[in-house]
Amino acid sequence: MMNKTILIYILLCALSACHIAQPEVPEAANAIYYWRSELTLNEEEQAFLKGHDITKVYLHLFDVVRKYGHLQPQTTLVVTDTFPQGTDIIPIGFMPPDVFKDTTDVSQLPHLIAQRVRQMMEQNGMKSPKELQIDFDWTKRNAKIYFQFLERLRTAIQQEGMQRLSATIRLHQLSMIAPPVDYGALMVYNVGNLQDPDEECSILTTEAVRPYLKHLADYPLPLCAALPAYSWNILFHDHQFRCILRGIELSDTTSFIQLDGSHYQALRYQIIPPNAVTNYSDGRVYPSDIVRHEFVPAETLQEVHTLLHKHRPGITGQTILYHLDNNQLKAYRYENIQKLYSDR
């Protein structure tokens, strides 16, 4: 009788373990992106890191820019604060979509990037990183030159003491050849057409993700999942996309009137501060302009997370949230975030 009891217990444990997918990435942990121009954490953000046991931060250090005809990393992060002791920091270099031309010489860029990473980490009192991540939305046209760059970058970062190279992967790239990196962070956001006035939510909807899932299981690169925890406002003038606005008060009834759950109409002329505007717009809002507020509900995040796990269980072994900003994260309840991290 005792042996049967033990056997049943072992079987139950084994069945339970089937629901816990082994992570595909090295040293998997609760993770988050930090993507602001200055590294400074308020009390709420410190509490968020501690409360959700976040021990891995993907930190945007710089962008790669074209200067005097050559590509080079340009520092964009000003460091005035530190992450909690013991946090594993993975630096990120961002590359704009148009960075590679057919005649671009990338021979010196890997060395410049590896050197800049080491210098920035040292100068700001951060421990030497084990890994570098590159964020670039490549296409079939520039994949060859990008992959050649990554091969050279791997050698360059190893010379600076870094062991791994990872890259962001967009959903549309799941049907393409995988880049030569150790693993990918699948960016499960910005899935719609934000310039389309009729788009429901360009950040993330379950319906927009489904068509890509047929490629997920067989993608030949280890993956983790990156999910959005942010909102933004899309400005349209005469049904034409103008820009993304941040920091505006749509609840100000002297400036906007709400038309439905996500659309607002401007009531007066306004000039939006440059730091709250993207896409190089002049930030001018005219009467009758339409603003679409986009926000991903916690229910959608969980639905997508569950779908990813269903098609490729190991991908949820590590979830990265985008990004650490209390103004955005306070829209979610503690248990919503905790469930995304704990469901593996």
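Here are some exercises with worked solutions on the structure above, which is a predicted model.

**Exercise 1: Helix H4**

Task: Work out how long helix H4 is and which of its residues are buried.

Solution:
- Start with the length. H4 runs over residues 143-159, which makes 17 residues.
- Now check the span. From its first C-alpha to its last, H4 reaches 25 Å, close to the 24 Å expected at 1.5 Å a residue.
- Next, look for buried positions. Ala-143, Ile-145, Tyr-146, Phe-147, Phe-149, Leu-150, Leu-153, Arg-154, Ala-156 and Ile-157 are buried in H4.
- To make sense of such a list, remember that an α-helix has 3.6 residues a turn, so residues three or four places apart point the same way.
- What do the buried residues of H4 pack against? Their partners are strand S6 (88-95), helix H3 (109-123), strand S7 (131-136) and strand S8 (164-170).
- Finally, step just past the end of H4: there Gly-161 takes a positive phi of about 95°.

**Exercise 2: The nonpolar cores**

Task: Find the largest nonpolar core and say which residues have the most contacts inside it.

Solution:
- The largest nonpolar core has 100 residues. Ile-32, Phe-83, Met-95, Phe-100, Tyr-146, Phe-149 and Leu-308 have the most contacts inside this core.
- Which helix or strand gives the most to this core? That's H4, with nine residues.
- There's also a second, separate core, and this one has 11 residues, including Phe-256, Ala-266, Val-285 and Val-291.
- Now zoom in on Phe-100. Leaving aside neighbours within four places in sequence, Phe-100 touches Arg-66, Leu-71, Met-95, Val-106, Phe-136, Asn-142, Ile-145, Tyr-146 and Phe-149.
- Pick out the H4 members among those partners: Ile-145, Tyr-146 and Phe-149 are in contact with Phe-100, and these three are on the buried list for H4.

**Exercise 3: Empty space**

Task: Describe the largest cavity and the second largest pocket, giving a volume and some lining residues for each.

Solution:
- First, the idea: rolling a probe the size of a water molecule over the atoms shows where empty space is left.
- How many cavities of 30 Å³ or more does the structure hold? It holds one.
- The largest cavity has a volume of about 40 Å³. Its lining is made up of Arg-118, Glu-122, Ser-128, Pro-129, Glu-160 and Met-162.
- Sort that lining by class, and you get two nonpolar, one polar and three charged residues.
- On to the second largest pocket, with a volume of about 220 Å³. Its lining has 13 residues, and Phe-83, Ile-89, Gly-125, Met-126 and Lys-127 lie nearest the centre.
- By class, the lining of this pocket has five nonpolar, six polar and two charged residues.

**Exercise 4: Helix H6 and Gln-302**

Task: Decide whether Gln-302 is buried or exposed, then put it in the setting of its helix.

Solution:
- Gln-302 sits in helix H6, residues 298-311. H6 has 14 residues and reaches 20 Å from first C-alpha to last, close to the 20 Å expected at 1.5 Å a residue.
- The cut-off for buried is under 20% relative accessible area. Gln-302 has 14% relative accessibility, so it counts as buried.
- Gln-302 has company: the buried residues of H6 are Ala-298, Thr-300, Leu-301, Gln-302, Val-304, His-305, Leu-307 and Leu-308.
- These residues pack against S9, H5, strand S10 (223-228), S18 and helix H8 (334-342).
- Beyond neighbours within four places in sequence, Gln-302 is in contact with Lys-339, Leu-340 and Asp-343.

**Exercise 5: Backbone in the loops**

Task: Find where Asn-190, Asp-238 and His-323 lie, and describe the backbone there.

Solution:
- Asn-190 is in the loop between strand S9 (183-187) and helix H5 (206-209). Its phi is positive, about 55°, although Asn-190 is not a glycine.
- Is Asn-190 buried or partly exposed? With a relative accessible area of 41%, Asn-190 is partly exposed.
- Asp-238 is in the loop between strand S11 (231-237) and strand S12 (240-245). Asp-238 is not a glycine either, yet has a positive phi of about 55°.
- At 59% relative accessibility, Asp-238 counts as exposed.
- His-323 is in the loop between strand S18 (319-322) and helix H7 (326-329). The peptide bond from Tyr-322 to His-323 is cis, with omega near 0°.

Methods. Residues numbered from 1 in each chain as written. Predicted model: local features only at pLDDT ≥ 70, side-chain atom pairs only at ≥ 80, totals over all residues. Heavy atoms only, no water. 1 Å grid on protein atoms, 1.4 Å probe; cavity = no way out; pocket = protein on both sides within 12 Å on 5 of 7 lines; lining within 4 Å. Points joined across faces, edges and corners; volume = space filled by probe spheres on them. Nonpolar A, V, L, I, M, F, W, Y, C, P; charged D, E, K, R; others polar. Helix = DSSP H or I, 4+ residues; strand = E, 2+ residues; numbered from the N terminus. Expected span 1.5 Å × (residues − 1). Buried < 20%, exposed > 50% of the residue type's maximum accessible area, 1.4 Å probe, protein only. Contact = heavy atoms within 4.5 Å. Core = buried A, V, L, I, M, F, W, Y, C linked by side-chain atoms within 4.5 Å.
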